[in-house]
Amino acid sequence: MKIVACIKAVPEEQDIVVKSDYSLSFERAELKVGQYDLNAVEAGVQLGEAIGDSETIIATVGTTKLKNSKLQKSMLSRGASQLFAVVDDSLESVDSYATAKNLAAVIKQIGDVDLVLCGEGSSDIYSQQVGAMLGQLLRCVSLNAVSKITPKDGNLLIERTLEEEIEVLEIQLPAVLSVTTDINTARIPGMKEILAAGKKPATLWGASDVEIISTSCTEIISTLAPPPADRMKIIYEGDSEENINALLENLRKVM
């Protein structure tokens, strides 16, 4: 089985600077693998180990910042065998549809893909749209909220955690699945895995190699951080009825 895990390189949150006008500066923020995407990679690797004779590949799209060897090692140290990426600076701020369209182009270029896995959303925008769009573009089964994947006689048994129930489905391949964070705990690579990742193949395609789109259907006007809120610093000591009633009264005032 050929499995593709789609990931997105996102800025390191702790290095994002909020400027005086509440706009955000990403100049000092290095890229890392999105937190939700780690679950998709782990799900692919675990499924491949359970089935045997399988390969988990990473696919991504982004700017020339993806050429960073440290970032590539971080991607490949999680158990995947190789990396395929479309790299072009015109993809700096593309929306969900353009991202899905470009990922579909990468997956078609890889060829003979049985299963595509996505995280439940990206760590920066978290629109939760790319997986569903990707399934439509690839014209195959597409499911979100997937919390468990079990191989069964050439098909997959899927559990979806919904609001009040767990839905169990048996699906045929090919398919696109968006997994939740409950599906697994992503492995933390050690030094051995990081060093081995440096020897794994990474194929970076440009706009001349893969047909991509860099025009978005939406336009971002601005991205602003909320203004800081002053703490009221009201402290209640003890769980007396008087303190509880005072706490509730103050909560009503601010809600």
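Rings of Phe, Tyr and Trp (its six-membered ring) count as a pair if their centres lie within 6.5 Å. Planes under 30 degrees apart make a pair stacked, planes over 60 degrees apart make it edge-to-face, and the rest are tilted. The exercises below concern a predicted model.

**Exercise 1. The aromatic pairs**

Find how many aromatic pairs the rule gives, and classify the pair of tyrosine 36 and tyrosine 126.

Solution.
- The rule gives two aromatic pairs.
- In the pair of tyrosine 36 and tyrosine 126, the ring centres are 5.1 Å apart and the planes make an angle of 40°.
- The distance passes because centres must lie within 6.5 Å, and the angle is neither under 30 nor over 60 degrees, so the pair is tilted.
- Tyrosine 36 belongs to helix H1 (residues 35-51), while tyrosine 126 sits in the loop between strand S8 (115-119) and helix H4 (130-138). The pair therefore ties together parts that are 90 residues apart in sequence.

**Exercise 2. Exposure of three residues**

Decide whether tyrosine 36, tyrosine 126 and methionine 255 are buried, partly exposed or exposed.

Solution.
- The cut-offs are under 20% relative accessible area for buried and over 50% for exposed, with partly exposed in between.
- Tyrosine 36 has 26%, so this residue is partly exposed.
- Tyrosine 126 has 31% and is therefore also partly exposed.
- Methionine 255 has 82%, so this residue counts as exposed.
- For the protein chain, 39% of the 255 residues count as buried.

**Exercise 3. The nonpolar patch**

Locate methionine 255 in the chain and list the residues that make a nonpolar surface patch with Met255.

Solution.
- Methionine 255 is in the segment after helix H6 (241-254).
- Its partners in the patch are Met232, Ile234, Ile244, Leu247, Leu248, Leu251 and Val254.
- The patch has an area of about 790 Å².

**Exercise 4. The open sheet**

Give the strand order of the nine-stranded sheet and explain why strands S11 and S13 each have one side without a neighbour.

Solution.
- The secondary structure of the chain comes to six helices and 13 strands.
- Nine strands form an open sheet with mixed pairing, in the order S11-S10-S9-S12-S8-S1-S6-S7-S13.
- Strand S11 (166-171) and strand S13 (202-205) stand at the edges; each has a single partner strand, so one side of each lacks a neighbour in the sheet.
- On average, neighbouring strands of this sheet are turned by 35° against each other, direction ignored.
- Within the sheet order, S10 stands beside S9. Strand S9 (residues 141-152) and strand S10 (residues 155-161) run antiparallel and are joined by six bridges.
- Lysine 148 has glutamate 159 in S10 as its bridge partner.

Technical notes
Residues are numbered from 1 along each chain as its sequence is written. This is a predicted model: local features need pLDDT of at least 70, side-chain atom pairs count only at pLDDT 80 or more; totals for chains, interfaces and linings use all residues. Side-chain values use heavy atoms; hydrogens and water are left out. Patches are made of residues with over 30% relative accessible area and no salt bridge: like charges are joined within 9 Å, nonpolar side chains (Val, Leu, Ile, Met, Phe, Trp, Tyr) within 5 Å. Accessible areas come from the Shrake-Rupley method with a 1.4 Å probe; for residues, only the protein chains shown count as cover. A salt bridge is a side-chain nitrogen of Lys or Arg within 4 Å of a carboxyl oxygen of Asp or Glu. Helices (H or I, at least four residues) and strands (E, at least two) are DSSP runs, numbered from the N terminus. Buried means under 20% relative accessible area, exposed over 50%, partly exposed in between (1.4 Å probe, protein chains only). Two strands pair if DSSP finds at least two bridges between them. Axes are lines fitted to C-alpha atoms, for helices over the stretch in contact, and angles run from 0 to 180 degrees between N-to-C directions.
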